[in-house]
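The report below goes from the confidence of the model to its cores, its helix packing and a single residue of interest. It is best read with the coordinates open alongside.

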Amino acid sequence: MNRISVRKTHKLYIGGDFPRSESGRTFRDGEAEHAIEASRASRKDLRNAVVAARKAQPGWAAAPPFLRSQILYRAAEMVESRAESIAASLATAPGTSEKSALAETHATADLLVHYAGWCDKYQSIFSSVNPVSGPFFNFSVPEPVGVVGLVAPAAPGLLGLATALAPALAGGNTAILLAAPGHAATALAFAEALATSDLPGGVANILTGLRDELLPHFASHMDIDSLIVHNTTRDQRVAIQTAAADSLKRLTFPEPGRDTPPPYDILNLQEIKTTWHPVAS
Amino acid sequence: MSWLTLFSIALPYDRWKRLRSLQGAARLPSDFHLIPLQIRWIEFSAVMNQASSRFPDLSALPPVDAIGIDERVRRAQTRSLKGKVKLDALHLAVTMLDVTTLEGADTPGKVRRLCAKALHPMPGDLSIGPAAAVCVYPRLVKTAAEAVADSTVRVASVATGFPSGQTALKDRLSETRQAVRDGATEIDMVISRGLFLAGRHRAVFDEIVRTKEACGDAHIKVILETGELQTLDNVRKASEIAMAAGADFIKTSTGKVQPAATLNVTLVMLEAIRDFHERTGRMVGMKPAGGISNAKLALQYLVLVRETLGPAWLNPEWFRFGASSLTNDLLMQISKQREGRYPSIDYFSQD
């Protein structure tokens, strides 16, 4: 007897849950026979994701770095154990073979392990004790900026997501990640791995939808502290900078192929706090 | 034979006691015993008639249709307020706020901060607010009254052994009188849920009458604490008792018990208010309190009020929100409507 396969509804990942878009809308994502109906996140879904991320942020930032490390490692485990199914959805993207998709999935797991290692180390690299003239013990330490918006690169489909997300999470930020066009299914598969990796709800949120519709809201949202947008044109950058000016967001527009190497990508999402502590002279 | 013995013969003892407890409310003259017997008898009958007409016939109440309530609430929740209507409703909701702080850790400083927020919810923008009232514990009434003097913001005080109401009646009454003396113009009293659940509805009624008397000119809001009343039928009964006893407002909850205000109990109470108004012509106000923390929910309450009671109730004189964290969410939504971008809590004063 032929079995009727269980069809999947492609949803969003917000606050640890997998809701449909509150708007009920979907959009066709992907090419030809591999295209899926993905949830089309609205500005209200973005708002909900920011609320979830804001709520989760203090707890995640206060978690011991070693715990963050363990959780990222666990995420790597989950990607590894689901490698084949993640690779299968990745392979539906144009120009990706099954073999290269599996290799990219493994590279993603490796990348997560790499950043798991950074969780309790970048602080030492970027902290300093500063010489000052006066009876003060003066030192600087990095602190997470808070809630960050990440607009994923168009390629690579999976590794791009992880490259955007891992430095933010390792540094104690919470994130809202917008998947690139054509990669909604992959982003959702990645979200499912994250959801089973002890990551507290709201720390990572993944949206699928139309970039042009959501970008202005990412830019103008007063409660997003930093925004990294891949693959932008000059006009887009100007529009984002204009909309983001009121909130004093930190904006980054990475150029393709010129990624910031770790741990400087972690530093990019940190504020440096300097403390003047009086000492007896 | 004194008049007292005469009546003792004429009346069963419990009715006599009931009369005694109502004496204040029914305003028996203090020189009662000096009035000739015949006249006294006439007055006495009038009091009894008044008392029995005031205490509601609870057996005549229709049972609450819980599924129907659910359905109507669900329908009200799907109403979509947009654009100018939404902005107006948000502004209205701010003016309906009883800005509340009821913590053991409340200090005069915190109360003054709260009063400042009630007076000017959004500093620099006079089109928003002021809130209807500040709601505090009796000890802090003086501080609050000083802070909001010469403004339209009123001072509400919880009294009567808030939140449990499990202290002696005389203490509750003296607490009420003290709060009014200190400057409270509204008293939020709690009913004795213990008495109510034990079936002693009449005693609950009497206590409300006595407390209202102690309030003098101050408005009285009667907190039913619906989270402890178990059923919607009980909510309806308690509403009837409170309104008949003279409540100016009926209020859902103290905010200290879960569940606090819900749309369902609010609708039951609104319907009780509607029926009471049809029957007696007296308007009674409504105050849901506790658990209303976001603007969207607040607007749904306004929809319920508009559709159950009509526009006459849609003002701070007849409808209030008891809330502490709702203020900032309303302000944030107003800012969103005006500026078209999502706001951050960092730009609003924390209280």
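## Confidence and chain B

In this predicted model, pLDDT stays under 50 over residues 22-26 of chain B, a stretch for which the model nevertheless has 11 contacts beyond four places in sequence. Residues 1-13 of chain B are likewise a stretch over which pLDDT stays under 50, and here the model has eight contacts beyond four places in sequence. Where pLDDT is low, the predicted coordinates should not be read in detail. For chain B as a whole, the mean pLDDT is 88, with 85% of its residues reaching 70 or more, and the model scores ipTM 0.84 and pTM 0.84.

The secondary structure of chain B comes to 14 helices and eight strands. Of the 351 residues in chain B, 44% are buried. Among the contacts in chain B with a separation of 6 or more, 74% are accounted for by residues 24 or more positions apart.

## Cores and the contact between chains

The largest nonpolar core has 93 residues, and those with the most contacts inside it are B:Val134 and B:Ala242. Helix α12 (residues 263-280) of chain B gives the most to this core, contributing nine residues. Apart from it lies another core, of 80 residues, which includes A:Ala93, A:Ala170, A:Ala193 and A:Leu215. Returning to B:Ala242, and leaving out residues up to four places away in sequence, its contacts are B:Ile191, B:Ile208, B:Val222, B:Leu224, B:Ala247 and B:Ile250.

The contact between the chains takes five residues from chain B and seven residues from chain A. On the side of chain B that touches chain A, the residues divide by class into three nonpolar, one polar and one charged.

## Helix packing in chain A

Two packed helices are described by the angle between their axes and the distance between the axes. The table sets out two such pairs in chain A.

| Helix pair | Axis distance | Angle | Residues in contact, by class |
|---|---|---|---|
| α4(A) (residues 98-118) and α6(A) (residues 159-170) | within 10 Å | roughly 10° | 10 nonpolar, two polar, one charged |
| α2(A) (residues 65-81) and α4(A) | 8 Å | about 170° | 10 nonpolar, four polar, one charged |

For the pair of α4(A) and α6(A), the axes cross at roughly 10°, and therefore α4(A) is roughly parallel to α6(A). Residues of α4(A) that include A:Glu104, A:Thr108, A:Leu112 and A:Trp118 meet residues of α6(A) that include A:Leu159, A:Thr163, A:Pro167 and A:Ala170.

The axes of α2(A) and α4(A), by contrast, pack at an angle of about 170°, so that α2(A) is roughly antiparallel to α4(A). Among the residues that make this contact are A:Ser69, A:Leu72, A:Tyr73 and A:Glu80 of α2(A), together with A:Thr105, A:Thr108, A:Leu112 and A:Gly117 of α4(A). A:Thr108 and A:Leu112 thus take part both in the contact with α6(A) and in the contact with α2(A).

## A:Ile125

A:Ile125 is found in helix α5 (residues 122-126) of chain A. With 13 other C-beta atoms within 10 Å, A:Ile125 is partly exposed, because that class lies between the limit of 12 or fewer for exposed residues and that of 20 or more for buried residues. A:Ile125 and A:Pro263 are 138 residues apart in sequence, while their C-alpha atoms are 8.7 Å apart in space.

Key:
Residues are numbered from 1 along each chain as its sequence is written. Chains are lettered from A and ligands numbered from 1 in the order in which they are written. This is a predicted model: local features need pLDDT of at least 70, side-chain atom pairs count only at pLDDT 80 or more; totals for chains, interfaces and linings use all residues. A nonpolar core is a set of buried Ala, Val, Leu, Ile, Met, Phe, Trp, Tyr and Cys residues joined through C-beta atoms within 7 Å. Two residues are in contact if their C-beta atoms, placed from the backbone, lie within 7 Å. Ala, Val, Leu, Ile, Met, Phe, Trp, Tyr, Cys and Pro count as nonpolar, Asp, Glu, Lys and Arg as charged, and the others, Gly among them, as polar. pLDDT is the predictor's confidence in each residue, from 0 to 100. Axes are lines fitted to C-alpha atoms, for helices over the stretch in contact, and angles run from 0 to 180 degrees between N-to-C directions. Angles under 35 degrees count as roughly parallel, over 145 as roughly antiparallel, 65 to 115 as roughly perpendicular and the rest as oblique.
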